Amino acid sequence: LKELIQKEATGAQEMSASGRAEAQKAKEVESKQRRVDEFMRSACNLHAHSILMLRNVSMEEEGPDTVTRLLSSFAFLSMHHTFNLQEGLDIPEPELFEILHRHRRHLVCWFEHKMDRKEYKTFNTVLQTVHEQFSALDAASSIDTAEFEWGAIGGDVHNAGRYCVVGRKRSEAERGEITSVTEDKSGSTWVELNVQMLQVTVSGRYVT
């Protein structure tokens, strides 16, 4: 009977110790998540303020750095902030949408101008940088976006402002406009950015 009591006491102590360890682990995970949420909220606010500073610039006159900055900040917010549902931004969301509405036609003109003048390097550098914002959502599967070539989706006036990854780097002669939208968008390399709607499609599925 004495041995049985000792075994039960030992078992209770082990269970208590295990419970404390699990509770501590859960507490650490919760604390880590709170820090991540705080950092992400701060990052979203930095990008929101970056957009606000570009409210009155002329996109058609600005260089690639300004275009990259605006689109990258919007892409980051689209990935990490839930508009209309999530609080946390210092700037009212309608102001950000107003800035997008003001600039999107000029953004499309900027990209079309680069394509018309065959400035493919500048065209690609901007889109590759924006691509980084949504290619690194999963660090384990992040890719080197500089290895991918972008093109403009043509064939219809309604496709203005639609750009997609067309594959790995190609020669100058092979660069340019895609005459029609690819039917099969399931491939892992299919990424589309709709500048007018600020909509990202990856492998045929909307992610923003």
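What follows is a chat between a visitor and a guide about a predicted model.

Visitor: Let's start with the overall layout. How many helices and strands does the protein have, and in what order do they run?

Guide: The protein has 4 helices and 6 strands. Read from the N terminus, the order is α-α-α-α-β-β-β-β-β-β.

Visitor: What share of the protein is buried, and what share of the contacts joins residues at least 24 apart?

Guide: Of the 208 residues, 36% are buried. As for contacts between residues at least 6 apart in sequence, 58% of them join residues at least 24 apart.

Visitor: Why are helix 2 and helix 3 called oblique to each other?

Guide: Helix 2 covers residues 64–80, helix 3 covers residues 93–116, and they pack at an angle of about 135°. Roughly perpendicular ends at 115 degrees and roughly antiparallel needs over 145. The angle of about 135° fits neither, so the pair is oblique. The axes are 11 Å apart, and the crossing is left-handed.

Visitor: Which residues meet where helix 2 packs on helix 3?

Guide: From helix 2 come Pro64, Val67, Leu70, Leu71, Phe74 and Leu77. On the helix 3 side they meet Leu96, Ile99, Leu100, His103, Leu107, Trp110 and Phe111. By class, that contact has 12 nonpolar residues, 1 polar and no charged.

Visitor: Pro64 is on that list. Why is proline 64 called partly exposed?

Guide: Its relative accessible area is 34%. Buried would take under 20% and exposed over 50%, so with 34% proline 64 lands in between, as partly exposed.

Visitor: What does proline 64 touch, leaving out residues up to four places away in sequence?

Guide: Proline 64 touches Trp110, Thr122 and Val126. Another pairing is with leucine 127: the two are 63 residues apart in sequence, and 10.0 Å apart from C-alpha to C-alpha.

Visitor: What makes aspartate 65 exposed?

Guide: Aspartate 65 is also in helix 2. Its relative accessible area is 66%, and the cut-off for exposed is over 50%, so aspartate 65 counts as exposed. Its C-alpha atom is separated by 7.8 Å from that of valine 126, 61 residues apart along the chain.

Visitor: Is glutamate 93 buried or exposed, and how do you know?

Guide: Buried. Glutamate 93 comes in at 14% relative accessibility, and anything under 20% is buried, so the label follows. Glutamate 93 belongs to helix 3. Glutamate 93 and phenylalanine 83 are 10 residues apart in sequence, with 7.3 Å from C-alpha to C-alpha.

Visitor: Where is lysine 118, and what is its phi?

Guide: Lysine 118 is in the loop between helix 3 and helix 4 (120–135). Its phi is near 60°, a positive value in a residue other than glycine.

Visitor: Why is lysine 118 called exposed?

Guide: Its relative accessible area is 58%. Exposed means over 50%, so lysine 118 qualifies.

Visitor: On to the cysteines. How many disulfides does the structure hold?

Guide: The structure holds 0 disulfides. A disulfide is a covalent bond between the sulfur atoms of two cysteines.

Visitor: Why does cysteine 109 count as partly exposed?

Guide: Cysteine 109 has 28% relative accessibility. Buried is under 20% and exposed is over 50%, so 28% puts cysteine 109 in between.

Visitor: And how do you know whether cysteine 164 is buried or exposed?

Guide: Cysteine 164 has a relative accessible area of 0%. The buried cut-off is under 20%, so cysteine 164 is buried.

Definitions and conventions: Residues are numbered from 1 along each chain as its sequence is written. This is a predicted model: local features need pLDDT of at least 70, side-chain atom pairs count only at pLDDT 80 or more; totals for chains, interfaces and linings use all residues. Side-chain values use heavy atoms; hydrogens and water are left out. Axes are lines fitted to C-alpha atoms, for helices over the stretch in contact, and angles run from 0 to 180 degrees between N-to-C directions. Helices (H or I, at least four residues) and strands (E, at least two) are DSSP runs, numbered from the N terminus. Angles under 35 degrees count as roughly parallel, over 145 as roughly antiparallel, 65 to 115 as roughly perpendicular and the rest as oblique. A crossing is left-handed if the near helix is turned anticlockwise from the far one by less than a right angle, and right-handed if clockwise. Contact means heavy atoms within 4.5 Å. Ala, Val, Leu, Ile, Met, Phe, Trp, Tyr, Cys and Pro count as nonpolar, Asp, Glu, Lys and Arg as charged, and the others, Gly among them, as polar. A disulfide is a pair of cysteine sulfur atoms within 2.5 Å. Buried means under 20% relative accessible area, exposed over 50%, partly exposed in between (1.4 Å probe, protein chains only).
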